[in-house]
Amino acid sequence: MNRVPLAQIASRLSLSRSTVSYALRNDARIAEATRKRVQAVAGEMGWRPDPELTKAMHMVRSTLRRRDLPNIAIVLDKQPAALQRERCMQHHLRGIRRHGEELGFAVDVVNLASRPMQPEGLRRMLTSRGVKGVIYSMNHRLKRDEVYLGDEFAYVSVGMRQPELPIHYAMNNLMSTGHQAVAELLAMGFRRPGVVVPQGIDDKLCHSFYGGVESGLILCPAGDRLPVLLVPGNDLWIDDGSFPLVRAWVDTHRPDCILTTDAEQMQKLLAGVAPSPPVFSLDYYPDLPVEGGMDGRQEQVGAAAVDLLALQIT
């Protein structure tokens with residue numbers, strides 16, 4: 001009997017549970033290298049297929065394949081040029097598309113920045129396309145009348161939590177991310193980590209980053225505990241007009257490293273500072289010009305959004 005949960009294998013490999021399931025069935029929708037890696041690790045962990053469960057699931061999947069699955073749609077509101085800077089949103093979209101296709105859904109993308117419409121127009125368009133599940137990927141706080149298009153749809157918000165909206169959401173634990181980031185910097189030998197976060201992104205994330213890094217900074221010796229700089233404004237980024245404020249904060253507090261959500265702007269700002277403290281990102285991607293940071297695994301967050309929809313509409 002198989003006594004190793006798929007979730008345990010998925011955690012070890014940093015993959016979604018469904019990807020592991022497909023790989024163990026040698027499904028061609030999963031890359032061959034990934035299938036071999038999953039199968040090898042599962043074997044090492046003692047996983048063995050349960051013949052009775054395999055037979056039962058084959059019957060279920062055959063039934064699912066005989067009927068049409070409803071479509072799902074990603075709804076965003078971002079100009080194409082601005083989307084290029086949105087690494088987090090890009091990774092969410094990639095995870096949604098990949099995992100949606102793995103599960104057999106047709107995934108539609110509706111960008112309201114390119115095609116503005118009122119909620120009723122959006123409802124009609126989604127209905128005409130056979131959509132039953134909607135994933136909102138927004139950088140602005142949503143109002144209930146913007147989100148709720150009728151009982152015929154299931155809803156998920158990805159990357160942003162709005163407690164006032166009665167919908168599911170998929171995002172990583174930003175409170176834990178902020179705390180762990182500071183703890184890791186202290187473990188690396190830094191004594192005076194400085195944290196710079198745009199007020200706009202902190203507001204949109206219910207102050208998760210701020211709360212997390214503040215709890216981490218408690219670990220610093222009292223004399224080396226620097227105040228968090230919340231850069232004023234409604235934007236997600238540190239704009240050029242805020243450079244004097246940020247530069248004054250750096251000159252006053254002299255952090256030995258900086259943790260931020262906008263690493264590229266911070267590097268630009270520190271170009272004239274000598275010595276320049278290393279920059280770390282609270283949302284790290286390999287192409288960022290920084291020393292390192294916290295990997296939010298945003299593609300997996302996008303995949304989790306699909307799972308939340310699938311549970312509601314299948």
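Accessible areas here come from the Shrake-Rupley method with a 1.4 Å probe. By that method, the protein chain of this predicted model exposes about 15,800 Å². Carbon and sulfur atoms supply 53% of that area. Of the 314 residues in the chain, 47% count as buried. The C-alpha atoms fill a box of roughly 65 × 55 × 30 Å along the principal axes.

The secondary structure comprises 14 helices and 10 strands. Among contacts with a separation of 6 or more, 62% join residues 24 or more positions apart. The chain carries 37 positive and 35 negative side chains. The centres of these two sets lie 6 Å apart.

The interior was examined next. In soluble globular proteins, nonpolar side chains tend to be buried together. The largest nonpolar core in this model holds 20 residues. Leu185, Val195, Val213, Leu217, Leu259, Phe280 and Leu282 touch the most other members. Four elements each supply at least two residues of this core: α9 (174-187), β6 (193-198), α11 (208-217) and β8 (257-260). The most comes from α9, which gives 4 residues. Apart from this core lies another, of 19 residues. Its members include Ile74, Leu76, Ile96 and Ala170.

Phe280 has contacts with several parts of the sequence. Leaving out residues up to four places away, Phe280 touches Leu185, Met188 and Phe190, among others. A run of partners follows in Cys257, Ile258, Leu259 and Thr260. Glu291, Gly292 and Gly293 are also touched by Phe280.

The cysteines were then considered. A search of the whole structure finds 0 disulfides. For Cys220, the closest cysteine sulfur is in Cys257, at 8.7 Å. A disulfide requires sulfur atoms within 2.5 Å, so the sulfur of Cys220 is too far from that of Cys257 for a bond. Cys220 is buried, with a relative accessible area of 2%. Cys88, by contrast, is partly exposed at 22% relative accessibility. Burial requires a value under 20%, and therefore Cys88 does not count as buried.

Two prolines have contrasting settings. Pro198 lies in strand β6. Pro198 is buried, with a relative accessible area of 1%. Beyond its neighbours within four places in sequence, Pro198 is in contact with Val231, Asp235, Leu236, Trp237, Ile238 and Thr261. Pro198 and Leu219 are 21 residues apart in sequence. Their C-alpha atoms are 23 Å apart in space.

Pro227 lies in the loop between α11 and β7 (229-231). Pro227 is partly exposed, with a relative accessible area of 41%. Outside the residues up to four places away, Pro227 touches Val195, Trp249 and His253. Val195 is also one of the core residues that touch the most other members. Pro227 and Ala305 are 78 residues apart in sequence and 35 Å apart in space, C-alpha to C-alpha.

Backbone geometry was examined at two loop positions. Ser14 has a positive phi of about 60 degrees although it is not a glycine. Ser14 is found in the loop between α1 (6-13) and α2 (17-24). At 29% relative accessibility, Ser14 counts as partly exposed. Arg297 also has a positive phi, near 50 degrees, in a residue other than glycine. Arg297 lies in the loop between β10 (292-293) and α14 (298-313). Arg297 is partly exposed, with a relative accessible area of 41%.

Definitions and conventions: Residues are numbered from 1 along each chain as its sequence is written. This is a predicted model: local features need pLDDT of at least 70, side-chain atom pairs count only at pLDDT 80 or more; totals for chains, interfaces and linings use all residues. Side-chain values use heavy atoms; hydrogens and water are left out. A nonpolar core is a set of buried Ala, Val, Leu, Ile, Met, Phe, Trp, Tyr and Cys residues joined through side-chain atoms within 4.5 Å. Buried means under 20% relative accessible area, exposed over 50%, partly exposed in between (1.4 Å probe, protein chains only). Contact means heavy atoms within 4.5 Å. Lys and Arg count as positive and Asp and Glu as negative; His and the chain ends are not counted. The place of a charge is taken as NZ of Lys, CZ of Arg, CG of Asp or CD of Glu.
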